[in-house]
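Work through these exercises with the structure open beside you. Try each task before reading its solution.

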Amino acid sequence: MNGEKEARTGTVRTVTGDVDASQLGITSAHEHLLITAGAFVKLDKDFLLDDREVMAREIAAFTGMGGHTLVDMMPPGLGRDPEGLRELSERTGTLIVAATGFHKESYYDMAHWLYHYAAEQIAGLFRAEIEEGMDQWGYRGPLMRRTAARAGVIKIATDYYRWNKHTDRWFEATAMAHLATGVPIASHTENGVLGDRQAESLISLGVPPSSIVIGHIDKNADPYVHRELAAMGVFLQYDSPSRLKYGPDSDAVALIAAAAHHGYADQILLGLDFARRSYFPSYGGGPGLGYLLKTFVPRLKAEGLEEVVPLIFVDNPARALSFAGGAERDRQMMAASQERMPQ
Ligand SMILES: [Zn+2]
């Protein structure tokens with residue numbers, strides 16, 4: 001292990017309030033629990049995850065195996081449902097972290113505010129969702145309804161080999177919001193491409209690597225590329241287990257083994273990224289949210305990777321989801337959180 005890595009955990013912002021990172025327990029770092037409308041659903045009805053009852057049942061498959069925290073990675077305007085996530089958290093007893101931010105460019109029409117607002121203005125919108133509450137209407141305007149649920153992560157995304165002046169501005173806005181709040185940042189890479197540029201861009205704008213998660217990179221199952229990324233200090237997120245159309249689970253196992261071998265076991269995160277009805281038994285599909293803990297973990301153990309399991313499911317997400325800024329930020333967040341508590 002690299003002794004220079006930051007070992008501290010801190011405060012994590014969930015849709016029901018701020019918690020000490022030690023309370024997260026077993027965490028899946030990238031999921032989709034509710035998608036109520038938007039570009040995905042318009043593309044394919046399989047993306048419609050609008051039934052809170054059904055999802056509460058699905059979450060039970062995760063909690064039944066000891067899971068405790070889920071990160072919903074849908075950014076505003078694409079069917080994210082802050083009130084629904086809060087209700088799901090309260091009903092199931094799980095902690096849920098929700099996202100502000102933006103998805104890849106091709107999901108937005110040129111009329112979208114992302115193309116027209118200045119970096120400062122976009123940063124202000126992200127900050128308001130982190131500090132005050134997420135807009136139930138996902139900044140689709142013209143009216144807003146700030147909910148009590150606040151965002152705990154900024155989602156960022158790039159398209160396949162596509163980087164332009166808008167990408168620069170959106171990353172700048174993300175860095176500004178991070179520097180003001182300490183919020184962690186988690187990315188979508190298209191087919192695992194441009195993770196290095198995402199990391200370099202944010203780091204050059206002053207974001208510490210320990211606040212950056214590069215996502216979907218198992219879609220480019222190249223251990224050398226991942227080692228280069230890990231050397232920058234960012235988290236590597238593998239989120240294709242069980243989705244065999246992107247490759248067999250042996251890819252993820254081999255990538256985890258390679259990262260661990262090179263001393264990067266404490267920078268790996270896992271998720272399933274199930275964004276379709278067809279991944280959930282209650283919607284008539286499978287394998288459901290129990291997959292990581294029920295099927296993938298035993299496999300990791302059988303393949304000699306037992307010692308990395310507590311790191312990738314507990315210790316690493318606790319650090320990755322913690323707000324940066326040290327003990328003083330933690331103290332302020334917890335004090336402000338007490339004041340926000342109803343009753
Ligand atoms: Zn996703």
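**Exercise 1. Decide whether Gly-141 is buried or exposed, then place it in the chain.**

Solution. Bear in mind that this model is predicted.

Step 1. Count the neighbours. Gly-141 has 10 C-beta neighbours inside 10 Å.

Step 2. Apply the cut-off. A residue with 12 or fewer is exposed. Gly-141 therefore counts as exposed.

Step 3. Find its place. Gly-141 sits in the loop between α4 (119-131) and β6 (153-157).

Step 4. Look at a distant residue. Ala-318 is 177 residues from Gly-141 in sequence, and their C-alpha atoms are 34 Å apart.

**Exercise 2. Find where cis peptide bonds join a glycine to a proline.**

Solution. Start from the general expectation. Most peptide bonds are trans.

Step 1. Go to Gly-141 again. The bond joining Gly-141 and Pro-142 is cis, with omega at about -5°. Pro-142 is also in the loop between α4 and β6.

Step 2. Move to Gly-286. Its peptide bond to Pro-287 is cis, and omega is near 10°. Pro-287 lies in the loop between β10 (268-270) and α9 (291-302).

**Exercise 3. Compare the surroundings of Tyr-161 and Leu-194. What is the phi of each?**

Solution. Most residues other than glycine have a negative phi.

Step 1. Read phi for Tyr-161. It is positive, about 55°, although Tyr-161 is not a glycine.

Step 2. Read phi for Leu-194. It is positive too, about 75°, and Leu-194 is not a glycine either.

Step 3. Place them. Tyr-161 is in the loop between β6 and α5 (165-181). Leu-194 is in the loop between β7 (185-188) and α6 (195-204).

Step 4. Judge exposure. Tyr-161 has 10 C-beta neighbours inside 10 Å, so it counts as exposed. Leu-194 has 22 other C-beta atoms within 10 Å, so it is buried.

**Exercise 4. Describe the open sheet of eight strands: its order, its pairing and its edges.**

Solution. Strands of a sheet pair through backbone hydrogen bonds, either parallel or antiparallel.

Step 1. Write the order. It is β3-β4-β5-β6-β7-β8-β9-β10, and the pairing is parallel.

Step 2. Find the edges. β3 and β10 each have a single partner strand, so one side of each has no neighbour in the sheet.

Step 3. Add the turn. On average, neighbouring strands of this sheet are turned by 25° against each other, direction ignored.

Step 4. Zoom in on β3 (residues 26-31). Four bridges join β3 to the parallel strand β4 (residues 67-72). Ile-26 has Gly-67 as its bridge partner in β4. For Glu-31, the partner in β4 is Asp-72.

Step 5. Check the cover on β3. Five of its six residues are buried.

Step 6. Add a helix. α6 lies across β6, β7 and β8 (212-214), and runs at about 170° to β8.

**Exercise 5. Work out how α2 meets α3, and what covers the buried residues of α3.**

Solution. Two packed helices are described by the angle between their axes and the distance between the axes.

Step 1. Take both values. The axes of α2 and α3 come within 10 Å and cross at roughly 50°.

Step 2. Classify the angle. This crossing makes α2 oblique to α3. The crossing is right-handed.

Step 3. List the contact. α2 contributes Arg-52, Met-55, Ala-56, Ile-59, Ala-60 and Thr-63. α3 contributes Gly-84, Glu-87, Leu-88, Arg-91 and Thr-92.

Step 4. Check burial in α3 (residues 82-92). Its buried residues include Gly-84, Leu-85, Leu-88 and Thr-92.

Step 5. Name the cover. It includes β1 (11-14), α2 (52-63), β4 and β5 (95-101).

Step 6. Look just past the helix. Gly-93, just after α3, takes a positive phi of about 75°.

**Exercise 6. Decide whether the radius of gyration agrees or disagrees with a compact globule.**

Solution. Step 1. Set the expectation. For 343 residues, a compact globule would have a radius of gyration near 20 Å.

Step 2. Compare. The chain has 18 Å, which agrees.

Step 3. Add the spans. Along its principal axes, the C-alpha trace covers about 55 × 45 × 40 Å.

Step 4. Add burial and contacts. Of the 343 residues, 49% count as buried. Among contacts between residues at least 6 apart in sequence, 75% join residues at least 24 apart.

Step 5. Close with the inventory. The chain has eleven helices and ten strands.

Key: Residues numbered from 1 in each chain as written. Predicted model: local features only at pLDDT ≥ 70, side-chain atom pairs only at ≥ 80, totals over all residues. Helix = DSSP H or I, 4+ residues; strand = E, 2+ residues; numbered from the N terminus. Rg over C-alpha atoms; globule rule 2.2 N^0.38 Å. Buried ≥ 20, exposed ≤ 12 C-beta atoms within 10 Å, placed from the backbone. Contact = placed C-beta atoms within 7 Å. Pairing = 2+ DSSP bridges. Axes fitted to C-alpha atoms, helices over the stretch in contact; angles between N-to-C directions. Parallel < 35°, antiparallel > 145°, perpendicular 65-115°, else oblique. Left-handed = near helix turned anticlockwise from the far one by under 90°.
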